[in-house]
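Please open the structure in your viewer and keep the sequence at hand. The tour below proceeds by selection: each stop states what to pick and what is found there.

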Amino acid sequence: MTDQRIRRALIIMVFGTFFGILCSTLMNIALPTFMAVFHISEAHVQWVTNGYMLVNALMIPVSSYLIKRFSFKWLFIFFTGIFLCGTIIGGLANSFNLLVMSRMIQAVGAGMMMPLVNVLAIRYALPGKKGRIMGIIGLAFNCAPILGPAASGFMLDYLSWRYLFILIIPFAVITLLLSLWMLPYIPHNEFPQFNSFGFTLITIGLWALLMGLSNVSSFPLLSFNVGGMTIVGLVFIILFYLNQRKSSHPLINLGVFEHRQFLLATVINMLITATMYGNAILIPLLVQIVLGESTVISAIAILPGAILTGLLSTTSGRCYDRYPIQWLVGAGLLIDIIGTTGQAMIGARSSVIIITVFQTVRQFGLVTMLIPLQTQALSLLPNQIVPDAVACFNTLRQIAAAFGTALIVSVVGIVNHLVHSSTSHLGIQSGFAFCLVLLLLSLVLSRKLYHKIK
């Protein structure tokens, strides 16, 4: 890094961002609990996660403008404060609507914290050290989503659902205090205009697209709730693209997609992210519904892989600085494919130990390649377009997470319907098989990656 101040800033920001991203999956296992507490249906309870995902995705395109317009320090402090407010409201919520509102407020804060960390790291890391720094960031970006369901599984067995919010509050407060005290003031040198029309287009587009994808498992594909909303979303996203290409002050500089390695690494990352988030749904379904085990056992099946991700994140980043990107991504995909193939062969009488082993193998493959892919996408770009690249990369990552989860759950539902069972292991096997197809496609694309240290 350029100096000690930037290193301290990154440590503080990664610490805070970890808990922001943790909250994106922390509620997954709690959905049945919310249904019982608030007496709501499965369709309604999905807003706990869908609301978070929607707002989080909508914040990311705005991040490029805000990062250019305001200083890192005060942006991070302001949005950490918003995240803290949402967490406090969630812990005090006495109605389902207030619970959903608290999750959306959390998402506003977390959605801005993520791009800030990425941009600071890429801008100020020394040449040849960017992989190591991105490895530290990987602790938040890749470990937290996997650790979320495991942590909530343990908490819900012993504590009230309110502690899913309450236990986050001290860490958010610590982040806020450290930010006020230790974050350096890095002045901004740009005064861009805000493209309000473009923001309106991308807001409607992302909202409609993510709603359509989230409804795949609840409505027919040709219904307005799925097909109609998806088409509306795509139309508005195309209009946003055309607006940004012609605008003199675009919200996001879409010229980043002209950089082939950024585009290729982003697409591969989207495919892998879809399988990662889909897998986070499949494992609890397999353990709790098919095998009839508790949330604690479900958490135990996920935990070793989450710990492995945390332990190897920094090592994975260092490997990017030393070895060709093709080797790292290829090896990671092959390991992931082995683990996913094993998961697709799991039967209704398989032991939790076998499930845990294959899940841990998958996580080993994921941590080997996700951080190098993100570094590859961002580190070869000119510094002036890094905020735009980060906004595009993270927005597409969110869309891939929603798309992967919705599509994989849909595959499970279709197969279960065909075999006339809501708890068949065949549906879950099909979900894992679909993940396998996406990973094989990623392996083919990865052959076009090339290594170059900026």
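Select Gln-193 first; in this predicted model, Gln-193 sits in the loop between helix H9 (169–182) and helix H10 (196–214). Is Gln-193 buried or exposed? Its relative accessibility is 55%, so Gln-193 counts as exposed. Now display the neighbours: leaving aside residues up to four places away in sequence, Gln-193 touches Tyr-65 and His-249. Add Pro-250 to the selection. Gln-193 and Pro-250 are 57 residues apart in sequence, yet their C-alpha atoms are 8.4 Å apart in space.

**The whole protein**

Zoom out and colour the chain by secondary structure. The protein has 17 helices and zero strands. Along its principal axes, the C-alpha trace spans about 60 × 50 × 40 Å. For 454 residues, a compact globule would have a radius of gyration near 22 Å, and the protein, at 21 Å, agrees with this. Buried residues make up 58% of the 454 residues. Among contacts with a separation of 6 or more, 83% are between residues 24 or more positions apart.

Switch to a surface display. The accessible surface comes to about 17900 Å², and 70% of this area belongs to carbon and sulfur atoms.

**Helix H11 and the loop after it**

Select residues 224–246, which form helix H11 and include Tyr-241. Tyr-241 is partly exposed, with a relative accessible area of 40%. Then add Ile-231, Val-235, Ile-238, Leu-239 and Leu-242: together with Tyr-241, these residues form a nonpolar patch on the surface, with about 540 Å² of accessible area in total.

Next, select Arg-245 and Glu-258. These two residues form a salt bridge, in which the closest N and O atoms are 3.4 Å apart. Arg-245 belongs to helix H11, whereas Glu-258 lies in the loop between H11 and helix H12 (260–290), and the two are 13 residues apart. Arg-245 is partly exposed, at a relative accessible area of 43%, while Glu-258 is exposed, at 59%.

**A buried salt bridge**

How many salt bridges does the protein have? The count comes to two. To see the other pair, select Arg-362 and Asp-336, whose side chains meet in a salt bridge with an N to O distance of 2.6 Å. Arg-362 lies in helix H15 (residues 352–379) and Asp-336 in helix H14 (residues 325–344), so the pair ties together parts that are 26 residues apart in sequence. Both Arg-362 and Asp-336 are buried.

Keep Arg-362 visible and select Asn-279, which is found in helix H12. Asn-279 is buried, with a relative accessible area of 3%. Apart from residues up to four places away in sequence, Asn-279 touches Pro-284, Gln-343, Gln-359, Arg-362 and Phe-432.

Then select Thr-340, in helix H14. Thr-340 is buried, with a relative accessible area of 0%. With residues up to four places away in sequence again left out, the contacts of Thr-340 are Arg-362, Phe-432, Cys-435, Leu-436 and Leu-439. Arg-362 and Phe-432 thus appear among the neighbours of Asn-279 and among those of Thr-340. Cys-435, one of the residues touched by Thr-340, is buried, with a relative accessible area of 0%.

**Cysteines**

Select Cys-23 and Cys-85. Why does Cys-23 form no disulfide? The closest cysteine sulfur to that of Cys-23 is in Cys-85, 14 Å away, which is too far for a bond. A disulfide requires two cysteine sulfur atoms within 2.5 Å. Cys-23 is itself buried, with a relative accessible area of 0%. A search of the whole structure finds zero disulfides.

**An unusual backbone angle**

For the last stop, select His-39, in the loop between helix H2 (31–38) and helix H3 (42–45). What is the phi of His-39? The angle is near 55°, a positive value in a residue other than glycine. Most residues other than glycine have a negative phi. At 71% relative accessibility, His-39 counts as exposed.

Note on methods
Residues are numbered from 1 along each chain as its sequence is written. This is a predicted model: local features need pLDDT of at least 70, side-chain atom pairs count only at pLDDT 80 or more; totals for chains, interfaces and linings use all residues. Side-chain values use heavy atoms; hydrogens and water are left out. Patches are made of residues with over 30% relative accessible area and no salt bridge: like charges are joined within 9 Å, nonpolar side chains (Val, Leu, Ile, Met, Phe, Trp, Tyr) within 5 Å. Accessible areas come from the Shrake-Rupley method with a 1.4 Å probe; for residues, only the protein chains shown count as cover. A salt bridge is a side-chain nitrogen of Lys or Arg within 4 Å of a carboxyl oxygen of Asp or Glu. Helices (H or I, at least four residues) and strands (E, at least two) are DSSP runs, numbered from the N terminus. Buried means under 20% relative accessible area, exposed over 50%, partly exposed in between (1.4 Å probe, protein chains only). The radius of gyration is taken over C-alpha atoms; the globule rule is 2.2 Å times the number of residues to the power 0.38. Contact means heavy atoms within 4.5 Å.
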